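Have your viewer ready and your selection tool at hand. We will go from one selection to the next, with a note on what you should find at each stop.

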Amino acid sequence: MNRDSSKMKNVIIIKKHTFGGDFLAINLFGCIFSLRDLTPTELNHELIHSAQQRELLYVPFFIWYGIEWILLFFKYRNWIKAYYHIRFEQEAYKHQCDLSYLKKRKKWHYSY
């Protein structure tokens, strides 16, 4: 796979689920922790989260993400369904296959 090494520089491969949960990758403050090398689509998903975090100045992103997840959890009574309905995840999943999305992405354009 031919990948842009500048995009991969913020990816750290970890050996186990250090942060808990059943995830492949997690993006914290623009640094991606992954259990393995990411496919271009998976990397794009995480890079979309990096863009979201940057434009919300990181900490407010995590506060918004957490509050939205809690509210959606009470709405759906299912943590995974709540996760998939978080606006940041909706944008990332909707555009993860479009590898040129970040070049044309409009700021503050979260799906919902």
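Begin by selecting helix H5, residues 87-95, and show what lies around it. The cover over the buried residues of H5 includes helix H2 (40-55), helix H3 (59-76), helix H4 (79-85) and helix H6 (101-104). Which residues of H5 are buried? Pick out Arg87, Phe88, Glu89, Glu91, Ala92 and His95. Keep in mind as you look that this is a predicted model.

Now zoom out to the whole protein chain. You should be able to trace six helices and three strands. Followed from the N terminus, the elements run α-β-β-β-α-α-α-α-α.

Next, select the strands. The three of them form an open sheet with mixed pairing, in the order E1-E3-E2. Strand E1 (11-13) and strand E2 (25-28) are the edge strands, each pairing on one side only. From one strand to the next, the twist averages 25 degrees.

Stay here and look at E1 beside strand E3 (residues 31-34): these two run parallel and are joined by three bridges. Label isoleucine 13, and opposite it you will find serine 34 in E3. Then bring back H2, which packs on the sheet and touches E1, E2 and E3. The direction of H2 makes about 20 degrees with that of E2.

For the last stop, switch on the surface of the protein chain. Its accessible area comes to about 7200 Å², with 61% belonging to carbon and sulfur atoms. How many of the 112 residues count as buried, as a percentage? The figure is 38%.

Technical notes:
Residues numbered from 1 in each chain as written. Predicted model: local features only at pLDDT ≥ 70, side-chain atom pairs only at ≥ 80, totals over all residues. Heavy atoms only, no water. Helix = DSSP H or I, 4+ residues; strand = E, 2+ residues; numbered from the N terminus. Buried < 20%, exposed > 50% of the residue type's maximum accessible area, 1.4 Å probe, protein only. Areas by Shrake-Rupley, 256 points an atom, 1.4 Å probe, with all protein chains shown as cover. Contact = heavy atoms within 4.5 Å. Pairing = 2+ DSSP bridges. Axes fitted to C-alpha atoms, helices over the stretch in contact; angles between N-to-C directions.
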